[in-house]
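Student: I would like a close look at one part of this model. Pick a single element, take me through it, and then place it in the rest of the chain.

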Amino acid sequence: MSATTSSKRPRSDAALTRSLQKGQQTKAAIVDAALGLATQIGLEGLSIGALAEVMQMSKSGVFAHFGSREELQISVVREYHHRFEEEVFYPAMSVPRGLPRLRALFDNWMKRTSVEIDSGCLYISGAVEFDDRPGPVRDALASSVSTWLAAMKRAIELSIEEGHLRADTDADQMRFEIHSLILALHYEARFLRAPDSLQRAVTAFEGIVQRYSAGGATDPAPARKAARKPRAA
């Protein structure tokens with residue numbers, strides 16, 4: 001009896017594992033599709049029905065992975081934040097602490113923003129949709145943005161500790177000014193279609209750094225200098 005049970009259990013466990021993996025893959029695919037839709041039509045525009053049509057699944061099949069439209073929206077916010085960290089935050093951690101890391105964070109942020117000028121930023125569109133609508137979706141959005149802004153503030157504080165920025169630098173104020181650049185960039189680039197918005201944001205960032213600089217640390221990063229040099233024949 002025990003031998004029969006032990007011989008069947010591995011097959012049962014393996015089948016269960018495959019089923020769970022397939023379920024996770026399907027859910028990840030749904031979230032990916034939902035994120036693509038949300039950047040175009042907003043989180044509020046997401047619906048189980050529209051997503052089921054995109055995924056060529058039944059509504060009940062999509063609903064089974066999330067349980068509610070709200071949970072789907074929260075999953076999309078978490079996935080967006082995860083990708084934001086992978087593209088902007090983590091690569092900058094390999095750069096020396098202080099002003100070089102702060103510049104790397106801003107540079108990575110600008111690279112992502114340059115793409116989102118066409119696709120849209122979930123943090124910005126989500127803020128417009130949920131700024132006056134308390135609830136779990138707004139909380140998830142606010143938490144993600146707050147986490148990122150805290151990382152930016154910490155990079156500024158490290159720049160102060162390293163002596164790259166003045167000791168009396170108000171880290172919250174500098175963080176606010178940098179964040180304002182990104183918000184203005186999205187507005188002017190996406191809404192006003194101003195062609196020089198990206199360069200103006202870079203110029204404004206350099207102005208902010210120079211105002212808070214302790215001296216001798218205001219030169220652009222070497223990679224940025226090299227990008228301006230003509231290539232040798």
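Tutor: Take helix α8, residues 171-191, in this predicted model. Start with its length. It has 21 residues, and at 1.5 Å a residue these should span 30 Å. The C-alpha atoms at its ends are 30 Å apart, so expectation and model agree.

Now the two ends. At the start of α8, D170 offers a side-chain oxygen that comes to within 3.1 Å of the backbone nitrogen of D172. Just after the helix, R193 has a positive phi of about 60°.

Next, burial. The buried residues in α8 are A171, M174, R175, E177, I178, H179, L181, I182, L185, H186 and A189. That list includes R175 and E177 as well as L181 and I182. What do the buried residues pack against? Their partners are α5 (99-119), α6 (122-130), α7 (136-161) and α9 (197-212).

E188 is also in α8. Is E188 buried or partly exposed? Its relative accessible area is 33%; buried would need under 20%, so E188 counts as partly exposed. Leaving out residues up to four places away in sequence, E188 touches R193, A194 and S197. R193 is the residue with the positive phi just after α8. E188 also has a spatial relation to I117: the two are 71 residues apart in sequence, yet their C-alpha atoms are 9.6 Å apart.

Follow the contact to S197, which belongs to α9. S197 has a relative accessible area of 6%, under the 20% limit, and therefore counts as buried. Beyond four places in sequence, S197 touches L185, E188 and A189. Of these, L185 and A189 are on the list of buried residues in α8.

Then the core. The largest nonpolar core has 55 residues. The members that touch the most others are L43, V76, W148, M174 and I178. The largest share of this core comes from α7, with nine residues. M174 and I178 are buried residues of α8. In soluble globular proteins, nonpolar side chains tend to be buried together. V76 gives a view of the core away from α8: beyond four places in sequence, its contacts are V31, A34, L35, A38, L43, L46 and L122.

Now an annotated stretch. An unreviewed UniProt entry carries the annotation "DNA-binding region" for residues 47-66. In the model, this span is 80% helix and 0% strand, with its end C-alpha atoms 12 Å apart. M55 is in helix α2 (residues 48-55). M55 has 22% relative accessibility, and the buried class stops under 20%, so M55 counts as partly exposed. Sequence neighbours within four places aside, M55 is in contact with A29, I30 and A33. M55 and A29 are 26 residues apart along the chain, with 8.4 Å between their C-alpha atoms.

Last, the whole chain. It has 10 helices and zero strands. Of its 233 residues, 36% count as buried. Among contacts between residues at least 6 apart in sequence, 68% join residues at least 24 apart. The accessible surface is about 13300 Å², and carbon and sulfur atoms account for 55% of that surface.

Terms used:
Residues numbered from 1 in each chain as written. Predicted model: local features only at pLDDT ≥ 70, side-chain atom pairs only at ≥ 80, totals over all residues. Heavy atoms only, no water. Helix = DSSP H or I, 4+ residues; strand = E, 2+ residues; numbered from the N terminus. Buried < 20%, exposed > 50% of the residue type's maximum accessible area, 1.4 Å probe, protein only. Contact = heavy atoms within 4.5 Å. Areas by Shrake-Rupley, 256 points an atom, 1.4 Å probe, with all protein chains shown as cover. Expected span 1.5 Å × (residues − 1). Polar contact = N/O pair within 3.5 Å; in protein donor to acceptor, adjacent residues only side chain to side chain. Core = buried A, V, L, I, M, F, W, Y, C linked by side-chain atoms within 4.5 Å. UniProt positions renumbered as here; feature names shortened; annotations may be inferred.
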